[in-house]
Amino acid sequence: MTERTRVTIPYLREKKAQKKPIVMLTAYDFPCALLEDEVGIDIILCGDSLGNTVYGFSGTTQVTMDLMIPHTAAVKRAAPHSFVIGDMPFMSYQPSDETAIRNAGRFLQEAGCDAVKLEGGEEMAERVRAISRAGIAVQGHLGLTPQYVSALGGFKARGRDAAGALKLIRDARIIEEAGAFSIVLEAIPPEIGRIITERASIPIIGIGAGPYTDGQVLVIHDILGLLPGRKAKFVKQYCDLESQIRSALAAYKQDVESGGYPAAEHCYGIDPKVLETIESDLK
Ligand code: KIV
């Protein structure tokens, strides 16, 4: 983008057609979304990964709509150009089509976002169809789907055996036919990512799905090095904010304890005559 245009679904489709990589990244708050929009991130996902990155939960199943909405709204307020997606949390769409439409609608009405994302293949196709028929753009999410990680037996790559890969390829087709405008593929072999991307007419975004997808998505805390602990194999870290923040915190503590902060430039002035009046009044 030379001119700052607003990212739309036709714009994303055009990028796929022209084989220009789509850049997607998570954000959960105003300051990060402001910077992501400024540097031209195409899609900002307010992911339910905020359960891990912001709230310190062990997974994403504890995340609720009431947690997601204010974060997504803050992200949208900061990002007038990027395409903002709200991630539908566990149990906000699984129970019924009506629940799914109502909660997808909340993301648009209360958070102002452009689309929603939900996890699951064939078994969630009805929900994708219901949401898109209600006029709400919906992105699918296949492969390693963190909301079902317990049922799936852990955080492992998917589609590494023939049956698993064929199911993924079939699921991608079904989710596209159900009306999804895009699909995220997580933690699958690059070759399977390539097959799905080539067969799809909608943008396919990978996270640990190799280089052949139409775009890439990562979690912002991972690329900034902001969260301690083990990282997934697909993570690339671009800076070490954790140690920078630690040094800044230690320096602030040291400054306050030693009297180095506040200095004169951090203090508000007062007219000496006003001070004199105050002091004589107090005598
Ligand atoms: O919640 C999230 O951050 C996601 C991405 C990993 C795609 O779903």
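**Exercise 1. Find which residues lie nearest the centre of the largest pocket, and how many line it.**

Solution.
- Step 1: The largest pocket has a lining of 49 residues; nearest its centre lie Leu144, Phe155, Glu186, Ala232 and Phe234. The model is predicted.
- Step 2: Map the lining onto secondary structure. Two or more residues each come from β1 (22-26), α3 (50-53), α7 (149-152), β6 (182-186) and β8 (215-218).
- Step 3: Add the volume. The largest pocket holds about 1,200 Å³ of space.
- Step 4: Sort the lining by class. It has 23 nonpolar, 15 polar and 11 charged residues.

**Exercise 2. Locate the ligand and describe the shell around it.**

Solution.
- Step 1: Place the ligand. The space it takes is the largest pocket.
- Step 2: List the neighbours, using a 4 Å heavy-atom cut-off. They are Thr26, Leu45, Gly47, Asp48, Ser49, Asp87, Lys117, His141, Glu186, Ile207 and Val219.
- Step 3: Classify the shell. Three residues are nonpolar, four are polar and four are charged.
- Step 4: Tie the two exercises together. Glu186 is one of the residues around the ligand, and Glu186 is also among those nearest the centre of the largest pocket.

**Exercise 3. Which side chains place an N or O atom 3.0 Å, 3.1 Å and 2.9 Å from a ligand oxygen?**

Solution.
- Step 1: Set the cut-off. A polar contact needs a pair of N or O atoms within 3.5 Å.
- Step 2: Take Asp48. Its side chain has an N or O atom 3.0 Å from an oxygen atom of the ligand.
- Step 3: Take Asp87. Here the separation from a ligand oxygen is 3.1 Å.
- Step 4: Take Lys117. A side-chain N or O atom lies 2.9 Å from an oxygen atom of the ligand.
- Step 5: Check the burial. The ligand alone exposes 260 Å², and the protein buries 95% of that.

**Exercise 4. Describe the second largest pocket, starting from its volume.**

Solution.
- Step 1: The volume is about 380 Å³.
- Step 2: The lining counts 20 residues, with Gly143, Leu152, Arg158, Lys167 and Asp171 closest to the centre.
- Step 3: Two or more lining residues each come from β5 (138-143) and α8.
- Step 4: Rank the sources. α8 supplies the largest share, four residues.
- Step 5: By class, the lining splits into six nonpolar, seven polar and seven charged residues.

**Exercise 5. How many cavities of 30 Å³ or more does the whole structure have, and which residues line the largest cavity?**

Solution.
- Step 1: The search returns one such cavity.
- Step 2: The volume of the largest cavity is about 60 Å³.
- Step 3: Its lining consists of Ile169, Ala172, Arg173, Glu176, Ile196, Arg199 and Ala200.
- Step 4: Assign the elements. α8 (162-177) and α9 (190-199) each give at least two lining residues. α8 gives the most, with four residues.
- Step 5: Classify. There are four nonpolar and three charged residues, and no polar ones.
- Step 6: Compare with Exercise 4. α8 also gives four residues to the lining of the second largest pocket.

**Exercise 6. Where in the backbone do a cis peptide bond and a positive phi outside glycine occur?**

Solution.
- Step 1: Recall the background. Most residues other than glycine have a negative phi, and most peptide bonds are trans.
- Step 2: Scan omega. The bond joining Tyr261 and Pro262 is cis, with omega about 0 degrees.
- Step 3: Place Pro262. It sits in the loop between α11 (241-258) and α12 (272-282).
- Step 4: Scan phi. Lys19 has a positive value, near 55 degrees.
- Step 5: Place Lys19. It is in the loop between α1 (9-17) and β1.

How values were computed
Residues are numbered from 1 along each chain as its sequence is written. This is a predicted model: local features need pLDDT of at least 70, side-chain atom pairs count only at pLDDT 80 or more; totals for chains, interfaces and linings use all residues. Side-chain values use heavy atoms; hydrogens and water are left out. A polar contact is a pair of N or O atoms within 3.5 Å; within protein, one must be able to donate a hydrogen and the other to accept it, and residues adjacent in sequence count only if both atoms are side-chain atoms. Accessible areas come from the Shrake-Rupley method with a 1.4 Å probe; for residues, only the protein chains shown count as cover. On a 1 Å grid over the protein atoms alone, a cavity is a set of points where a 1.4 Å probe fits but cannot get out, and a pocket is an open set with protein on both sides within 12 Å along at least five of seven lines; lining residues have an atom within 4 Å of a point. A molecule sits in a cavity or pocket if more than half of its atoms lie within 2 Å of its grid points. Ala, Val, Leu, Ile, Met, Phe, Trp, Tyr, Cys and Pro count as nonpolar, Asp, Glu, Lys and Arg as charged, and the others, Gly among them, as polar. Grid points are joined across faces, edges and corners, and a volume is the space filled by probe spheres set on the points.
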